[in-house]
Amino acid sequence: MPVVILYFDRIKKILDKSIPKDKIIDTLPFIGLDIEDETADYINVEYSPNRPDYSTDYGIITSLQGLLGTKLGMPVLKIKNGKNSVKVDPSVSKVRPYVTAIEARNGKLDDETIRQIITMQEDLHNGLGRRRKKASIGIHDLEKIKFPLYYKTVTRDHSFVPLESETSMTVIEMLEKTETGKKYRHILDGNVKVPIIVDSAGQTISLPPIANAKLTEMNTKTCNLLVEVTATDKNAAEGVLAVIANTLQIAGFQLYSVKITGANNSTPALKSRDLVLEPELVNKTLGIEISNPLIVKSLRKSRLDAKMKGKKIVCTIPRYRTDIFGVMDLVEEVALGYGIQNLQPTMPESVSAGERNNITKTLETIRSLMIGLGYLEVMNFELTSKEILYGKTHRESSKIISVADSKSQEHIILRDILLPGMIEVLSRNIHESYPQKIFEIGTVFEKDSPIKEGIHLACLSAHKDVNFTEVKSVLQSLLKTGFNLSCNTVAQKELMFVDGRTGGIMINGKKFGSLGEVDTKVADNFKLRTPVAGFEINLTDLVF
């Protein structure tokens with residue numbers, strides 16, 4: 001997990017000089033931080049990626065203020081009306097459709113603050129930005145820019161001087177010669193033109209998601225900043241921007257809006273939102289009995305706003321708290337504000353001893369066998385996208401299961417098989433060495449009334465010589481060693497696999513799954529450059 005360096009002199013400067021250092025150190029674990037290392041001058045803490053506001057000491061200090069009682073309630077973003085704008089060209093719609101921005105003025109930067117801002121930028125890239133695929137950030141010296149800005153696409157022979165370079169390079173050269181370009185160029189694969197941000201003087205500001213321009217690099221003399229975020233998801237872009245805006249405001253900058261127009265883009269509001277919490281749920285979940293006023297105070301100590309409305313509590317959540325989705329997240333915030341150390345452990349009422357059930361033992365045996373066969377286990381989410389599950393694999397989607405009122409704009413489909421998600425894993429690792437051999441054991445869902453759940457096993461092998469015979473031998477070894485079973489395959493047509501190189505898996509005359517070589521068109525959809533073969537089998541019907 002990401003690590004942040006907290007210097008005690010910086011913490012006390014913002015927090016409260018009268019608070020002892022030992023008190024600060026003792027409080028850190030109770031806001032969800034793990035202490036990695038401690039010296040006389042600083043302490044290293046590890047934070048969970050679901051709290052991107054902890055990527056700098058400013059965000060951590062905000063939470064410390066709440067638990068230590070020096071400041072309660074929600075920090076409010078104070079955004080003044082700005083005069084500058086970004087105009088979006090429709091050409092970006094099919095490449096990277098969204099952009100949002102904000103100005104931070106009249107601040108001061110020292111070397112440590114710059115280091116933390118850059119670290120925050122990369123942590124956001126890897127977390128909310130999904131390794132820059134979903135969102136990427138540019139932070140610029142505002143004084144070097146001529147407004148309005150234009151977000152558009154250009155050909156790959158476009159050139160400018162990128163950050164960490166002294167000479168002009170074309171886009172092609174950046175993608176092929178720079179470390180960042182090599183690492184993230186796959187995001188732009190398949191696009192003849194690439195997105196850029198230029199100012200009214202024709203100066204290139206950014207090539208998202210690859211590089212920012214040397215021209216606008218910030219330094220300790222920089223007082224005014226422009227933050228721009230480009231993305232494939234508007235909600236993700238605004239979530240990232242909110243985290244940065246909140247951090248810069250705490251650091252002493254004044255925020256100004258930037259008007260965004262064109263191609264379904266709009267100026268970000270970064271507004272807070274409300275959730276209604278039942279006090280009964282808090283007490284039942286935490287196993288305590290605390291009063292409504294104490295619940296409200298606990299939420300305010302977690303730097304949220306809360307007030308009673310009748311018998312319920314209305315909680316106001318700042319835009320930068322992207323980790324709060326529903327009421328159970330608020331229950332956790334109550335626990336943190338109340339004090340985890342104040343929750344008294346109790347023994348369960350049952351006197352019987354627990355043990356692993358037979359299903360768990362069987363799955364562990366299968367895992368051990370697959371690892372012994374040279375495969376690495378992966379774990380994907382049960383929620384996925386329609387594009388991955390059906391679109392890219394050419395599968396028929398009449399029995400699709402969608403989740404109602406999903407908080408995600410992307411992962412809203414319950415998977416009915418494992419293989420598409422595993423192919424996506426391979427597509428995210430095309431720059432790693434081959435062969436790549438992975439397997440997954442997971443829950444799948446079948447449309448029925450009620451919806452049925454089952455456990456499947458799937459495996460994929462990717463290398464230049466992989467074929468039908470290789471993965472069939474893996475399946476036969478697994479069945480023979482683990483369950484003393486044998487199988488045969490029968491011809492079938494499966495759009496995900498190569499015609500004539502696929503088969504249904506038959507055991508004792510009954511079909512339990514499919515096996516084959518992944519079709520080249522499917523591989524191309526996932527931008528795979530290596531042959532892939534695999535199988536998927538229904539474990540629920542086979543062994544449970």
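1. Begin with the helices around the largest cavity. Both α3 (57–67) and α10 (327–338) contribute at least two residues each to its lining. Note that the model is predicted. The volume of this largest cavity is about 80 Å³.

2. The full lining of the largest cavity is Phe30, Ile31, Arg51, Tyr54, Ser63, Leu67, Lys301, Ser302, Arg321, Glu333 and Leu336. By class, that lining has five nonpolar, two polar and four charged residues.

3. Where does the largest cavity lie? Domain 1 (3–68) and domain 3 (273–339) both give residues to its lining, so the cavity lies between these two domains.

4. How many cavities of 30 Å³ or more are there? The count is two. The second largest cavity holds about 40 Å³ of space. Its lining consists of Tyr98, Val99, Thr100, Lys234, Ala237, Glu238, Asn265 and Ser266. Two or more of these residues come from each of β6 (98–105) and α7 (234–250). The lining of the second largest cavity splits into three nonpolar, three polar and two charged residues.

5. Next, the nonpolar cores. In soluble globular proteins, nonpolar side chains tend to be buried together. Here the largest nonpolar core has 28 residues. Within this core, Ile137, Leu225, Val227, Ile244 and Leu248 touch the most other members. The elements giving two or more residues to the core are β6, α4 (111–126), β7 (135–141), β14 (225–231) and α7. Of these, α7 gives the most, with eight residues.

6. Leu225 deserves its own entry. Which residues does Leu225 contact, leaving aside neighbours within four places in sequence? They are Ile102, Glu103, Ala104, Leu109, Ile139, His140, Leu142, Met218, Leu248 and Phe253. Leu248 is also among the core members that touch the most others.

7. A second core, separate from the largest, has 27 residues. Among them are Met422, Ile423, Met496 and Phe526.

8. On the domain layout: the chain is divided into domain 1 (3–68), domain 2 (79–261), domain 3 (273–339) and domain 4 (358–543). Taken over C-alpha atoms, the centres of domain 1 and domain 2 are 28 Å apart. Their contact takes twelve residues from domain 1 and 13 residues from domain 2.

9. To tie the elements together: α7 gives two or more residues to the lining of the second largest cavity, and α7 is also the element that gives the most to the largest nonpolar core. β6 likewise gives two or more residues to that cavity lining and two or more to that core.

Conventions: Residues numbered from 1 in each chain as written. Predicted model: local features only at pLDDT ≥ 70, side-chain atom pairs only at ≥ 80, totals over all residues. Heavy atoms only, no water. 1 Å grid on protein atoms, 1.4 Å probe; cavity = no way out; pocket = protein on both sides within 12 Å on 5 of 7 lines; lining within 4 Å. Points joined across faces, edges and corners; volume = space filled by probe spheres on them. Helix = DSSP H or I, 4+ residues; strand = E, 2+ residues; numbered from the N terminus. Nonpolar A, V, L, I, M, F, W, Y, C, P; charged D, E, K, R; others polar. Domains from an automatic or database assignment. Core = buried A, V, L, I, M, F, W, Y, C linked by side-chain atoms within 4.5 Å. Buried < 20%, exposed > 50% of the residue type's maximum accessible area, 1.4 Å probe, protein only. Contact = heavy atoms within 4.5 Å.
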